[in-house]
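Trainee: Before I rely on the labels attached to this model, I would like to go through the reasoning behind them; could you show it to me alongside the structure?

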Amino acid sequence: METLSENRCFAGTQGVYRHRSDACSCDMTFGLFLPEEARDGPVPLLWYLSGLTCTHENAMTKAGAQAWAADHGIALCFPDTSPRGEGVADDPDFDMGQGAGFYVNATEAPWAPHFRMWDYLAEELPRVLDTSFAIDPERQAITGHSMGGHGALTLAMSLPGRFRSVSAFAPICNPTQGDWGRKQFEAYLGGIEAGRAHDASLLMRETGFDGPVLVDVGTRDNFWDLLRVEVLADAMTTQRQPGQLRLQEGYDHSYFFVSSFIADHVAFHAEALWQ
């Protein structure tokens, strides 16, 4: 574990760390905010998964989540969105390759050797945090934005008992039927059928989530047609999923939208984490 930076932040510490990842076969970087309470023992953890083109840094510096996490005494983890570095496959399009891991385990060339973000987030990084920081592995929740909202919802529904609550900002809701998803599933997984296990709307309709759900989407989201929010709404209704899907009037897809509602999401997760 290499410490890249640590800064005092709302009486806690905002750190950035780098470690060698066996899952991704490269060095991976993540941000971790620890509240003041972590000095006295393990604290609950909220994961924040970012969207296309992002690194660990975007939400860490733009979302404004640390102040609210400090108020509730919970930690925040900001993972990267893909493997990176020399020898890691890439693509000139912004929605493929580095910065666009889509939170799946790639099975196809040239992506398979490094693009194993599902294993990294479901297994490896949780072990790293558990062994290196004051994190309570029994009290975790997850959120994310756009591609990260897709990742948060699919991880939460596919790993029963791991997360006490899940939320998302403008998630990619039905990737097997949209341009954000079909392209990536074809490239990373070799076909749309394999992507069904990573479609939040299909998972919601089939299994749902054993806990509360909160989803916010702006009515002026630049990528509304790509998100397919209405399919997730229908699946939540069919499943009778406890939760809320809120349309926020006039908001777009940017971090101005995320920062406007991050306090709601942190409070939502804190309620579940401290029960």
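Mentor: Let us begin with a cut-off: a residue is called exposed over 50% relative accessible area, buried under 20%, and partly exposed in between. Please keep in mind that this is a predicted model.

Trainee: What makes R39 count as exposed or buried?

Mentor: The relative accessibility of R39 is 54%, and since the label exposed applies over 50%, R39 is exposed. Its partner E36 has a relative accessible area of 39%, which lies between 20% and 50%, so E36 is partly exposed.

Trainee: How do you know that E36 and R39 form a salt bridge?

Mentor: A side-chain nitrogen of Arg has to lie within 4 Å of a carboxyl oxygen of Glu, and for E36 and R39 the N to O distance is 3.9 Å, so the pair meets the criterion. The structure holds 13 salt bridges. Another of them joins E193 and R196 at 3.8 Å, where E193 is exposed at 63% and R196 is partly exposed at 37%. Salt bridges with shared partners also link D93, D95 and K183 into one network.

Trainee: Why are R139 and D136 called buried or exposed?

Mentor: Their relative accessible areas are 15% for R139 and 14% for D136; as the cut-off for buried is under 20%, both residues are buried. The closest N and O atoms of R139 and D136 are 2.6 Å apart, and the two residues form a salt bridge.

Trainee: What makes the buried residues of helix 2 lie on the same side of it?

Mentor: In helix 2, which spans residues 65-72, the buried residues are A65, Q66, A69 and A70. Around the axis they cover an arc of only 130 degrees, so they sit on the same side of the helix. In an α-helix there are 3.6 residues a turn, which means that residues three or four places apart point the same way. The elements that cover the buried residues of helix 2 include strand 1 (2-9), strand 3 (26-34) and helix 10 (255-273). After helix 2 comes G73, whose phi is positive, near 70 degrees.

Trainee: Why is V104 called buried or exposed?

Mentor: V104 has a relative accessibility of 1%, and because buried means under 20%, V104 is buried. V104 belongs to the loop between strand 5 and helix 3, and its contacts, leaving aside neighbours within four places in sequence, include F115, W118, F185, Y188 and H198. L189 is also a contact of V104; these two residues are 85 residues apart along the chain, yet their C-alpha atoms are separated by 8.3 Å.

Trainee: Which residues have the most contacts inside the largest nonpolar core?

Mentor: They are F30, L129 and Y188, in a core of 91 residues. Helix 3 (residues 117-132) gives this core its largest share, eight residues. Beyond its neighbours within four places in sequence, L129 contacts F30, L32, L45, W47, C77 and I135.

Trainee: How do you know how many cavities reach 30 Å³ or more?

Mentor: The count by this rule is one cavity, and the largest cavity has a volume of about 40 Å³, which is over that limit. Among the residues lining the largest cavity are W47, L121, Q140, R162 and F163. Strand 4 (43-49), helix 3 and strand 6 (135-144) are the elements that give two or more residues to this lining.

How values were computed
Residues are numbered from 1 along each chain as its sequence is written. This is a predicted model: local features need pLDDT of at least 70, side-chain atom pairs count only at pLDDT 80 or more; totals for chains, interfaces and linings use all residues. Side-chain values use heavy atoms; hydrogens and water are left out. Buried means under 20% relative accessible area, exposed over 50%, partly exposed in between (1.4 Å probe, protein chains only). Helices (H or I, at least four residues) and strands (E, at least two) are DSSP runs, numbered from the N terminus. The arc is that of the directions from the helix axis to the C-beta atoms. Contact means heavy atoms within 4.5 Å. A nonpolar core is a set of buried Ala, Val, Leu, Ile, Met, Phe, Trp, Tyr and Cys residues joined through side-chain atoms within 4.5 Å. On a 1 Å grid over the protein atoms alone, a cavity is a set of points where a 1.4 Å probe fits but cannot get out, and a pocket is an open set with protein on both sides within 12 Å along at least five of seven lines; lining residues have an atom within 4 Å of a point. Grid points are joined across faces, edges and corners, and a volume is the space filled by probe spheres set on the points.
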